[in-house]
Amino acid sequence: MTALLDIDQLLDTLESGLRQILQARGVDDPVLIGIRTGGVWLADVLGKRLGIAQPFGELDISFYRDDFSRIGLNPRVMPSSLPFDTEGRDIILIDDVIMSGRTIRAAMNEIFDYGRPASIILATLIDMGARELPIQPDVVGRALLTLEAHQRVKLRGPEPLRIEVQESGQ
Amino acid sequence: MTANDPSPNHLQLTRDGQLRHFLTLDGLGQPLLTDILDTADSFIEVGERSIKKVPLLRGRTVVNLFFESSTRTRSTFELAAKRLSADVLNLDISTSATSKGESLSDTLLNLEAMASDMFVVRHSQSGAPHFIAESVTPGVAIINAGDGRHAHPTQAMLDMLTIRQHKGRFEGLKVAIVGDVLHSRVARSQIRALNVLGAEEVRVIAPGTLLPRDVEDLGCTVEYDMARGMKDLDVVIMLRLQKERMEGALLPSEREFYRLYGLNQEKLGLAKPDCIVMHPGPINRGVEIESAVADGPQSVILNQVTNGIAIRMAVMSMAMGGQMAERQQRQQEQQEGRA
């Protein structure tokens with residue numbers, strides 16, 4: 001499993017996938033937005049790899065979660081910060097793990113409250129499957145569709161970035 | 001804090017310690033107060049966006065139930081609820097049903113029948129929001145927007161947010177509250193909050209006639225002389241002279257009060273050079289504060305207003321969230337009971 005989840009290899013895959021899609025779409029001035037917390041670490045790394053000078057944005061989606069009516073407000077909410085105007089921009093949205101797709105729905109709702117972007121490309125380090133919404137990443141570091149139901153993947157960081165497989169819900 | 005105050009926490013908090021009403025700061029610990037401030041910080045950022053709205057309370061109905069008039073508090077609660085996407089109903093009760101003889105309980109039953117989810121209550125009677133929280137249908141959150149001389153917890157918390165923004169911390173701070181402490185529900189809540197959050201010293205500066213009996217028991221020191229009281233201050237909070245509450249001859253004259261306890265440049269000069277000046281508003285210029293100070297570089301009075309919206313968004317969403325989490329738990333337990 002550890003060999004499978006070599007972080008540098010996954011980042012290489014993400015980087016080259018992103019370069020391809022940016023070129024195919026003719027996007028030459030994208031901005032990066034990471035979803036807290038793992039996505040922000042990845043936005044930092046990928047921004048440097050892709051040579052994007054613009055500082056990346058950080059999104060905390062707590063105010064947009066669809067389970068507020070079930071569990072209440074996340075007590076550790078932090079301010080979102082988008083240090084650029086999103087209106088008309090091409091956005092690369094980054095998260096560490098995608099499963100149900102609900103986080104991405106919330107993130108897109110939040111992004112649109114800042115303005116109307118020209119496009120959004122979704123990049124995730126790991127795709128766990130188990131989707132509940134029709135949302136698919138454009139670029140994936142690695143698809144891990146074969147984990148057991150009780151296993152969870154978690155990105156740890158920021159220095160160094162590493163991937164952990166956790167046993168949960170015994 | 002105060003010995004005769006029954007702990008309100010069985011009412012304010014869910015079993016796992018989440019807020020479900022916001023009635024008083026009594027009994028709330030430092031972690032929860034810090035959570036409120038942190039959450040409010042995130043809402044400040046929302047207020048700076050082009051679309052100043054988040055969907056947390058979408059489809060919920062918030063009723064502003066003001067038995068006592070207030071422009072600033074009511075409008076910031078209204079704006080806060082709207083920025084959380086709630087529908088807001090403003091009821092000015094003094095011009096409404098109670099004047100036709102309807103009892104408070106009947107008014108509430110009618111509002112609950114309209115499927116309200118939250119009441120923001122201001123009342124001249126101490127304990128009114130507490131009474132409503134005890135009798136309201138489970139699932140409806142009550143927020144205290146000021147009750148009698150008892151408490152004004154959202155005002156105190158927005159003051160704490162303003163202090164933290166400018167000073168970055170509470171440890172080591174010397175804070176003075178100046179003026180009509182006797183009639184002030186804000187002062188009580190502020191003293192409580194400052195003590196819980198770890199301020200080094202809370203000082204009240206006032207004439208003896210405008211201090212409640214045993215004021216030290218609230219957790220503060222007392223100074224009757226303003227020049228002495230201003231020494232070493234990091235924060236000075238001026239209170240409004242509550243003219244409409246003033247009964248009898250507690251003061252020789254407004255002019256005399258201003259001479260002794262009004263904040264002017266000269267007295268402010270006795271505090272630390274970076275001392276900030278706060279006032280809950282509305283300001284009586286020339287009665288408790290000089291215009292040059294109120295509008296001066298050390299004044300953070302307008303920051304307080306902006307922070308008021310963020311604090312109210314924080315407690316409204318936290319209390320509503322607590323109510324909904326509890327509702328979910330109840331349903332789960334009912335299902336398990338049936339199974």
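**Exercise 1. In this predicted model, determine which strands form the open parallel sheet of chain A, in what order they stand, and which of them are the edge strands.**

Solution. Begin with the order of the strands: the open sheet has five of them, arranged as E2-E1-E3-E4-E5 in chain A, and their pairing is parallel. Next look for strands that pair on one side only, and these edge strands turn out to be strand E2 (57-59) and strand E5 (139-143) of chain A. Then consider how the sheet twists, for neighbouring strands are turned by 20° against each other on average, direction ignored.

A closer look at one pair fills in the detail. Strand E3 (residues 90-98) and strand E4 (residues 119-127) of chain A pair in the parallel sense over eight bridges, and Ile91(A) stands opposite Ile120(A) in E4(A).

**Exercise 2. Find out which strands of that sheet are touched by helix H1 and by helix H4 of chain A.**

Solution. Take helix H1 (residues 7-25) of chain A to start with: this helix packs on the sheet, where it touches E3, E4 and E5 of chain A, and its direction makes about 150° with that of E5(A). Helix H4 (residues 102-112) of chain A also packs on the sheet, touching strand E1 (31-35), E2, E3 and E4 of chain A, and the direction of this helix makes about 155° with that of E3(A).

**Exercise 3. Describe the fold of chain A as a whole, and decide why chain A can be called as compact as a globular protein of its length.**

Solution. Count the elements before anything else: chain A comes to four helices and seven strands, which follow one another along the sequence in the pattern α-β-α-β-α-β-α-β-β-β-β. Now compare the radius of gyration of chain A, 16 Å, with the 15 Å that the globule rule gives for 170 residues; the two values are close, and therefore chain A is as compact as a globular protein of that length. The C-alpha trace of chain A spans about 45 × 40 × 30 Å along its principal axes.

Two further values complete the description. Of the 170 residues of chain A, 35% count as buried, and among the contacts in chain A with a separation of 6 or more, 67% are between residues 24 or more positions apart.

**Exercise 4. Establish how many residues each chain gives to the contact between chain A and chain B.**

Solution. The contact takes 17 residues from chain A and 21 residues from chain B. Sorted by class, the side of chain A that touches chain B has ten nonpolar, four polar and three charged residues.

**Exercise 5. Work out how chain B is divided into domains, and which element supplies the largest share of the side of domain 1 that touches domain 2.**

Solution. Start from the bounds, which place residues 9-151 and 307-338 of chain B in domain 1 and residues 153-303 in domain 2. The C-alpha centres of these two domains of chain B lie 27 Å apart, and 25 residues of domain 1 are in contact with 20 residues of domain 2. On the side of domain 1 that touches domain 2, helix H2 (30-46), strand E4 (141-147) and helix H12 (301-338) of chain B each supply at least two residues, and the largest share, six residues, comes from H12(B). The residues of this side of domain 1 divide into eleven nonpolar, nine polar and five charged.

**Exercise 6. Decide whether Thr154(B) is buried or exposed, and name its contacts beyond four places in sequence.**

Solution. Locate the residue before judging it: Thr154(B) lies in helix H6 (residues 153-167) of chain B. Then apply the cut-off, under which a residue is buried if 20 or more other C-beta atoms lie within 10 Å of its own; Thr154(B) has 28 of them within 10 Å, so Thr154(B) is buried. Leaving aside neighbours within four places in sequence, the contacts of Thr154(B) are Ala145(B), Ile311(B), Arg312(B) and Val315(B). The C-alpha atoms of Thr154(B) and Phe77(B) are separated by 9.8 Å, while the two residues are 77 residues apart along the chain.

**Exercise 7. Give the order of the five strands in the open parallel sheet of chain B, and identify its edge strands.**

Solution. The strands of this open sheet stand in the order E7-E6-E5-E8-E9 in chain B, with parallel pairing. Strand E7 (221-223) and strand E9 (276-278) of chain B each pair on one side only and are the edge strands, and the twist averages 25° from one strand to the next. Three bridges join strand E8 (residues 235-238) to E9(B), the two running parallel, and Val236(B) stands opposite Val277(B) in E9(B).

Terms used:
Residues are numbered from 1 along each chain as its sequence is written. Chains are lettered from A and ligands numbered from 1 in the order in which they are written. This is a predicted model: local features need pLDDT of at least 70, side-chain atom pairs count only at pLDDT 80 or more; totals for chains, interfaces and linings use all residues. Two strands pair if DSSP finds at least two bridges between them. Axes are lines fitted to C-alpha atoms, for helices over the stretch in contact, and angles run from 0 to 180 degrees between N-to-C directions. Two residues are in contact if their C-beta atoms, placed from the backbone, lie within 7 Å. Ala, Val, Leu, Ile, Met, Phe, Trp, Tyr, Cys and Pro count as nonpolar, Asp, Glu, Lys and Arg as charged, and the others, Gly among them, as polar. The radius of gyration is taken over C-alpha atoms; the globule rule is 2.2 Å times the number of residues to the power 0.38. A residue is buried if 20 or more other C-beta atoms lie within 10 Å of its own, exposed if 12 or fewer, and partly exposed in between; C-beta atoms are placed from the backbone. Domain bounds come from an automatic or database domain assignment.
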